[in-house]
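Here is a short set of exercises to work through with the model open beside you. Try each task on your own before you read the solution.

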Amino acid sequence: MEGGGGRENAWTEFLVALERRIGDQNMEIWIRSALRADQVGHRTVRLRAESKYYHDWIHDNLYRDILAAWREVLGPAVELELTWDGAASVQEPAPAPARRAHSGLDRSMTFDNFVVGKCNEFAHAAALGVTDAPGLAHNPLFIYGGTGLGKTHLMHAIGNCVSHKFNVVYYPAQHFFDAMVRALQTRSIAEFRERFRTEVDVLLLDDVQFLAGRDRTEEELFYLFEIMRAEGKAIVLTADEPPASIGKLEPRLRSRFEGGLLVDVQPPDVETMMAILATKAEALRLDLPSDVQWAVAQQVRTSVRELEGVLNRLSALKAFYGRPLTLPFVQERLVDLIPPAAPPPGPELIISRVAEHFHIRPSDIRGNRRPANIAYPRQVAMYLTRRITGLSFPEIGREFGRDNSTVQYACKKMEEQVHTNPNARAELDLLERACRA
Ligand code: ADP
Ligand code: MG
């Protein structure tokens, strides 16, 4: 930390000021373990989060409080800069691929915290395969699939797994593109290539669909691939679609992309979603009852990133109210997330289900006609209304245009049926389920 002893105290004072604003739980989850001071100057404070994930969350949710706390401690002019471990290489103006300390890897994404399910088991196995013998297994490995499904995670997992033995660099394709364009502009493309050839063992290039249609870069990339593959360097690529569907991709490059192993990731099924949710909730020290877990997994089906967003909201909710996250509480506070349970079906719906089942009209059930084919369904409807809605006999009578003794009689008769006639019981069960569905 810059600036001598007074600055050291500044951090402690800052923590106290921030805790007053955001509470102990937020401090515990987001600040104490995951954020540290990189530089505390008179004008600028630079803080570093443990990973991009923490950085993004802190940035979106706590930035204003953090800034205010620093201003409280250091004065109103101070500016705040947030960054994360591993961010340096993608933020520097001209990234050199193999500066060993800056691989661009996010240490929080590992194989250990990647949940494997049917949706991603093949991609996971292929990624592990790369770590066994980088460059020798299927090369390149091309992982594709929708957004938020773990492609980037798998990439970092590969990198983190082998980075102690190999030089790994991770690039979002966009940054790679920028670096390459700069090299082309400054006529240093030969050095650029050479650096990759000599200093990089494992190249992780994320979201390569961004490179499509950029002719000169595609051509360069093609040469770079040729060189790296010839040298036995491993290349891992991701995209939101398989190479054949990426429009405007140079044919030679497409065939290179397809020349190794192509694997996809699919949206998780509910069980996998539940497993991912349990893992992430535990990492956030968020105690979620199983009904809340189930409701969330039902609701969030398309992306794990979306799931993380939900967990962040839940954790903020808990920190703010300091209350356990029971299902009714979550339903009440996050209505868009888990809509409150549908109200129980009323007489109207029950009558129409019963009418449908017996091939008559709802008005027959409510009407006065008494033929046997209507009398029985009418009794069924009254009985189910009583069971499902809990309305009193007179109330049900009003719904059906009958007096309360008729309803009582119907219910009694149906009770007898339930006990003596298995077919009737099965039929009533079925109807009850249809009404509640
Ligand atoms: P993509 O690159 O496919 O858009 P990411 O790899 O960025 O998706 O995943 C989005 C978020 O979801 C990341 O924080 C990642 O850690 C998490 N994630 C995705 N899949 C899994 C999984 N199977 N297990 C644990 N976390 C996952
Ligand atoms: Mg990604």
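## Exercise 1: Pairing of the first strands

Leu35 has its bridge partner in strand 2, and that partner is Ala49. This is a predicted model, in which local features need pLDDT of at least 70, side-chain atom pairs count only at pLDDT 80 or more, and totals for chains, interfaces and linings use all residues. Residues are numbered from 1 along each chain as its sequence is written, chains are lettered from A and ligands numbered from 1 in the order in which they are written, and side-chain values use heavy atoms, with hydrogens and water left out.

**Task.** Work out in which sense strand 1 and strand 2 pair, and over how many bridges.

**Solution.**
- Step 1: Locate the strands, which are residues 35-40 for strand 1 and residues 44-49 for strand 2. Strands (E, at least two residues) and helices (H or I, at least four) are DSSP runs, numbered from the N terminus.
- Step 2: Read the pairing, which is antiparallel over five bridges. Two strands pair if DSSP finds at least two bridges between them.
- Step 3: Look at the connection: strand 1 and strand 2 form a hairpin with three residues between them.
- Step 4: Turn to strand 3 (residues 79-84), which pairs with strand 2 in the parallel sense over six bridges. Here the partner of Ala49 is Trp84.

## Exercise 2: Strand 4 and its neighbours

**Task.** Find which strands pair with strand 4, and say how many of its residues are buried.

**Solution.**
- Step 1: Strand 4 covers residues 141-145, and four of its five residues are buried. Buried means under 20% relative accessible area, exposed over 50%, and partly exposed in between (1.4 Å probe, protein chains only).
- Step 2: With strand 7 (residues 234-239), strand 4 pairs in the parallel sense over four bridges. Leu141 has Val236 of strand 7 as its bridge partner.
- Step 3: With strand 8 (residues 261-265), the pairing is also parallel, and here there are five bridges. Phe142 stands opposite Leu262 of strand 8.
- Step 4: Check the loop between helix 4 (121-132) and strand 4, where Pro140 is found. Asn139 and Pro140 are joined by a cis peptide bond, with omega about 0 degrees.

## Exercise 3: The shell around ligand 1

**Task.** Describe what surrounds ligand 1: how many residues are there, and which are the closest?

**Solution.**
- Step 1: The shell holds 17 residues, and the closest are Gly148, Thr152, His153, Arg305 and Glu308. A residue is near a molecule if one of its heavy atoms lies within 4 Å of it.
- Step 2: Sort the shell by class, which gives five nonpolar, eight polar and four charged residues. Ala, Val, Leu, Ile, Met, Phe, Trp, Tyr, Cys and Pro count as nonpolar, Asp, Glu, Lys and Arg as charged, and the others, Gly among them, as polar.
- Step 3: List some N and O distances. A backbone N or O atom of Val115 is 2.8 Å from a nitrogen atom of the ligand. A side-chain N or O atom of Lys280 is 2.9 Å from a nitrogen atom of ligand 1. For Arg305, a side-chain N or O atom is 2.7 Å from an oxygen atom of ligand 1.
- Step 4: Ask how much of the ligand is covered. Alone, ligand 1 exposes 550 Å², and the protein buries 94% of that. These areas come from the Shrake-Rupley method with a 1.4 Å probe.
- Step 5: Name the elements that give two or more residues to the shell: helix 5 (151-162), helix 10 (270-283) and helix 12 (304-321). Domain 2 (121-265) and domain 3 (270-333) each provide at least three shell residues. Domain bounds come from an automatic or database domain assignment.

## Exercise 4: Two prolines and two positive phi values

**Task.** Decide for Pro347, Pro343, Arg187 and Lys248: buried or exposed?

**Solution.**
- Step 1: Pro347 lies in helix 14 (residues 347-358) and counts as buried because its relative accessibility is 12%.
- Step 2: Pro343 sits in the loop between helix 13 (327-333) and helix 14. At 68% relative accessibility, Pro343 is exposed.
- Step 3: Arg187, in the loop between helix 6 (173-185) and helix 7 (189-199), has a positive phi of about 55 degrees although it is not a glycine. Its relative accessibility is 74%, so Arg187 counts as exposed.
- Step 4: Lys248 has a phi near 60 degrees and is found in the loop between strand 7 and helix 9 (251-258). With 72% relative accessibility, Lys248 is exposed.

Terms used:
Polar contact = N/O pair within 3.5 Å; in protein donor to acceptor, adjacent residues only side chain to side chain.
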